[in-house]
Amino acid sequence: MSFDFSLIFDHLPLLLVGALVTIEITAVSVALGVLIGLFVGIAELSRYRWLRYPAKVYVDFIRGTPLLVQIFIIYFALPIILGMRIEPFVAAVAACSINSGAYVAEIFRAGIQSIDKGQMEAGRSLGMSWTQTMRYIVIPQAFRRIIPQLGNEFIAMLKDSSLVSVIGFEELTRKGQLVIASTYGSLEIWSAVAIIYLVMTLSITRFVAYLEKRFH
Amino acid sequence: MIIIKDLHKSFGDKEILRGIDLHVKKSEVVVVIGPSGSGKSTMLRCVNYLEVPSSGTITLDGKTITRDVDINTIRAEVGMVFQHFNLFPHMTVLQNITLAPLKVRGMSQHEANETAMELLRRVGLENKADARPAELSGGQQQRVAIARALAMRPKIMLFDEPTSALDPEMVNEVLEVMKALAESGMTMMVVTHEMGFARQVADRVLFVDEGRIVEQGSPDEVFSHAKEERTQSFLSKIL
């Protein structure tokens, strides 16, 4: 057995391009996921059933089915209904952000519930509406509290985004497959791919720890 | 100013309030005493609808609270001070006080800041405007909470055991602020265990037990000449 480092160095630029795409899709998906999650998380706590039930169904469905299947549904099944092709990037971002949204919703829900009830009462007793109190008092506090969990979600998404390689979207994992297809360097390239993922996730961990410190 | 008629409140099948009737006049200071679990806090929280009554009506300054009335506009006229202060920990003292005037009253930042500083002077904390609640002592936090409520220029102030969570040496600074407020003519309902305060400041003392007003009268009538046996037994335990 020999480990051919030159194989890695030769294809490193290509893999790094893939890594950038991975970061891009993860960042966009988590950003959209946070937006979806914020509204769904609040909807889950609503006193209105017509908001609460759909939110719950969405969260349960997404968390109860594999991301891979969700990607297949959006890329292969949805076009049959829509009668039009969906670009791999659009399908990948849609699947990842809808998936992330469900997990972030649970993070927000728990974060909001962890804020002392007296905060809502104080806001309401001053004449602020429920929405105002949520916006100015409860959510800012909840957001600070859930930064570590959002960091974890970012890391999970970064790793799970490798699944969109199955629809031919050329992020890091897919780039690795393509390089291997032409070089047969499974050992070298998969090792390199793994280490690039590791560097990315460790960097995020560091960054989140820094954010946490700054906010406390 | 406050008219409570046949107020009932149940949590599940537990009946906390069993028919409260009360009429608080303008500038009157009513102190509510009673054993824990008697319903005195629930009664106070019903006044600004933090608890929704099971039945009965509440009329504040001539406006009866119904489904058609915007509860937020009514709450804006009723200040509330909580046992645990409930300051907003992510904001400075000044931001705590100015938030509701800015968002509810639509006050300008300049006007809101001026009002807040004036109120901070009144409660003796003008040098703490930029501090965070966590940097203040309990007594200071509660004084900020009072200033925060007053910033809305309420017509009525409700105090829910405002000194119960304080260290003993901080109780007086809060009571002094409340006393000054009472002397300024504010209509106040105060749930408290501070009998000294009740004696000194109250126009009327209510003794509440098992969800009913058992006895009421001037501090002297209730503290020194209680007619009801339950009142006497309660007072004998705490005085």
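How many cavities of 30 Å³ or more does the count come to? In this predicted model, the count comes to 1 cavity. About 50 Å³ of space lies in that largest cavity. Its lining comes from chain B: B:Leu60, B:Asp61, B:Lys63, B:Ile74, B:Glu77, B:Val78, B:Lys155 and B:Ile156. By class, 4 of the lining residues are nonpolar and 4 are charged, with no polar residue.

Now turn to the open space. The largest pocket holds about 1400 Å³. Its lining counts 42 residues. Nearest the centre of the pocket lie A:Arg47, A:Met120, A:Arg124, A:Trp130 and B:Arg75. Both chains supply elements with two or more residues in this lining. Chain A brings α1 (5-44), α4 (88-113), α5 (117-125) and α6 (130-145). Chain B brings β4 (55-60) and α2 (71-75). The largest share, 6 residues, belongs to α6(A). The class split of the pocket lining is 21 nonpolar, 10 polar and 11 charged residues.

One of the pocket-lining elements, α5(A), deserves its own look. Why is α5(A) largely enclosed by the rest of the structure? Of its 9 residues, 8 are buried, so the rest of the structure largely encloses this helix. Buried here means under 20% relative accessible area. The buried set is A:Gly118, A:Gln119, A:Met120, A:Glu121, A:Ala122, A:Gly123, A:Arg124 and A:Ser125. Two of these names, A:Met120 and A:Arg124, also stand among the residues nearest the pocket centre. What covers the buried residues of α5(A)? The cover includes α6 of chain A. From chain B, the cover includes α1 (40-47), α2, β6 (78-81) and α5 (138-150). Just after α5(A), the backbone at A:Gly127 takes a positive phi of about 95°.

Chain B offers further positive phi values, in residues that are not glycine. At B:Asp6, phi is positive at about 45°. B:Asp6 sits in strand β1 (residues 2-11) of chain B. Its relative accessible area is 41%, so B:Asp6 is partly exposed. B:Asn86 also has a positive phi, near 55°, and is a residue other than glycine. Where does B:Asn86 lie? B:Asn86 belongs to the loop between β6 and α3 (93-103) of chain B. Is B:Asn86 buried or exposed? With a relative accessible area of 8%, B:Asn86 is buried.

Methods
Residues are numbered from 1 along each chain as its sequence is written. Chains are lettered from A and ligands numbered from 1 in the order in which they are written. This is a predicted model: local features need pLDDT of at least 70, side-chain atom pairs count only at pLDDT 80 or more; totals for chains, interfaces and linings use all residues. Side-chain values use heavy atoms; hydrogens and water are left out. On a 1 Å grid over the protein atoms alone, a cavity is a set of points where a 1.4 Å probe fits but cannot get out, and a pocket is an open set with protein on both sides within 12 Å along at least five of seven lines; lining residues have an atom within 4 Å of a point. Grid points are joined across faces, edges and corners, and a volume is the space filled by probe spheres set on the points. Helices (H or I, at least four residues) and strands (E, at least two) are DSSP runs, numbered from the N terminus. Ala, Val, Leu, Ile, Met, Phe, Trp, Tyr, Cys and Pro count as nonpolar, Asp, Glu, Lys and Arg as charged, and the others, Gly among them, as polar. Buried means under 20% relative accessible area, exposed over 50%, partly exposed in between (1.4 Å probe, protein chains only). Contact means heavy atoms within 4.5 Å.
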